[in-house]
Amino acid sequence: MNKPWLPLQEHDNELFQLCERELLRQREGLELIASENFVSPQLLACVANPFTNKYAEGLPSKRYYGGCAVTDELERLAIARAKRLFKAEFANVQPHSGAQANSAALMALAAPGDTILGLDLAQGGHLTHGSPVNFSGKLYRAHFYGVCKETGRIDYDLVAAQARALKPKVIIAGASSYPRHIDFEAFHSISREVNARLLVDMAHIAGLVAADLHASPLPWADAVTTTTHKTLRGPRGGLILWDDVELTPALNRAVFPGTQGGPLQHVIAAKALCFKEASEAAFRTYQQAVVNNCRALAAVLVAQGMQLVTGGTDNHLLLIDLRHGKLSGKDFEQTLERVAITANKNMIPGDQRSPFVTSGLRIGTAAVTSRGMGIAAMGSIAAFLVRTHENHNNAQYLDELRQEVLALAQRFPLYPHW
Ligand SMILES: Cc1ncc(COP(=O)(O)O)c(C=O)c1O
């Protein structure tokens, strides 16, 4: 601390080089991972703020540490903005991540050993919705609903029948790889009929919800969890929202001291900025472009012979069905990496391959749209995907294709002033 201030490059060159290489990787290639995005330069800068030095266990005005007056103001600002953005009565902005938000929400809504009912991981759900390898499958008696074999969509009558038979304490709606709108009102009716709590995890679609491009779960759910870093385009983090004042003590206590210690106040500062950015008209335009781009990408892929789960998309992601093709999801993901395209393998409904191999590839348009890409670029990206798939054994072809991918990315500079 007594040394003169040095830029990171001189202070720790090894670390600086890693940061530079990651920035180059993000700039050079095409990012199609559906859960990723590029925050604004202002938000990127905002994460590095002095609140990282502050301990603030507790809630505003009810802290276990001194010196929290400014931190209290910051957290109140973030809470107010989150509530306004999602039209919620209450918010807790402290969860470190989406998984933390889900662990706290489940702790508040159920007791260990209670039955929970969520979407199967292999059919689009998330680990924290009851997977046996996760706390949610170890602490609770987890059961799963799936999607309809023929359509790939959630069959609400089947969910209702399962709920009637199982009488779960909590029903979880929300997904990590579901390309269609989710009917939260239908989930509400089912949960009320069987006297269950409804937890909605809107992590993937929070940006669409903020922009009114997907119906909000708020009027229907007992608690809503989300990440802030996917379509919402904020810092890595979690958030819980709810309307019922009676749930307030349980939800807040489940975050701290239930599942976390000191909140990451520097990230909460960046969340406050994210909520402000997401409330602006430009964000709605951006989200509309994300959805339009995804539809356009899906249409070209289908026209070029690719099969998609559910045949298309309503949101920011699509799932390529590789069950009948030459490549597994894992092979396709690795081949795409050779041409500077990042996407991720994914289980698809009816998958016979293991979760490490998979028969699906998940594609999202949130990040490339943040770079300013539009419908024409989606045509190029669809062609890149098809050409990579068809020429996966041809090293020279892939090298040349990589140059085309880099050229497209260069036309849409990322953080040009960084
Ligand atoms: C639906 C859903 N919920 C929760 C999470 C977990 O979020 P995190 O990685 O921030 O813990 C994810 C992550 O991909 C997700 O897709």
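How many salt bridges does the rule find across the interface of domain 1 and domain 2? Hold that thought. This is a predicted model, and I'll start with how the chain is split.

There are two domains: domain 1 covers 46–278, and domain 2 covers 281–410. Their C-alpha centres sit 28 Å apart.

Now the contact between them. On the domain 1 side, 25 residues are in contact, and they touch 24 residues of domain 2. The two domains bury about 2,100 Å² between them. Carbon and sulfur atoms give 58% of that area. Three residues stand out on domain 1: P179, R180 and R233. Together they supply 28% of what domain 1 buries against domain 2, more than any other three residues.

Back to the opening question. The rule finds one salt bridge across this interface. Keep R180 in view, please. Its side chain meets that of D314 in a salt bridge, at 2.9 Å from N to O. R180 is also one of the three residues I just named for buried area.

Polar contacts next. Between domain 1 and domain 2 we count 13 residue pairs in polar contact, with both residues at pLDDT 80 or more. Which helices supply the domain 1 side that touches domain 2? Helix α9, residues 206–210, and helix α11, residues 265–278, each supply at least two residues. The largest share comes from α9, with three residues.

On to the sheet. It is open, has seven strands, and its pairing is mixed. Reading across, the order is β4-β10-β9-β8-β7-β5-β6. Which strands stand at the edges? They are β4, at 90–92, and β6, at 141–145. Each has a single partner strand, so one side of each is left without a neighbour in the sheet. From one strand to the next, the twist averages 20°.

Let's zoom in on one pair. Strand β7 is residues 170–173, and strand β8 is residues 197–201. How do they pair, parallel or antiparallel? They run in the parallel sense, over four bridges. For a landmark, take I171: its bridge partner in β8 is L198.

One helix belongs with this part of the sheet. Helix α8, residues 184–193, lies across β6, β7 and β8. Relative to β8, α8 runs at about 155°. Note that β6, one of the strands under discussion here, is also an edge strand.

To close, two things to look at on screen. In the sheet, find I171 and its partner L198. At the interface, find R180 and D314. That's it from me.

Methods
Residues numbered from 1 in each chain as written. Predicted model: local features only at pLDDT ≥ 70, side-chain atom pairs only at ≥ 80, totals over all residues. Heavy atoms only, no water. Pairing = 2+ DSSP bridges. Axes fitted to C-alpha atoms, helices over the stretch in contact; angles between N-to-C directions. Contact = heavy atoms within 4.5 Å. Domains from an automatic or database assignment. Buried area = accessible area lost by both parts, 1.4 Å probe. Salt bridge = Lys/Arg side-chain N within 4 Å of Asp/Glu carboxyl O. Polar contact = N/O pair within 3.5 Å; in protein donor to acceptor, adjacent residues only side chain to side chain.
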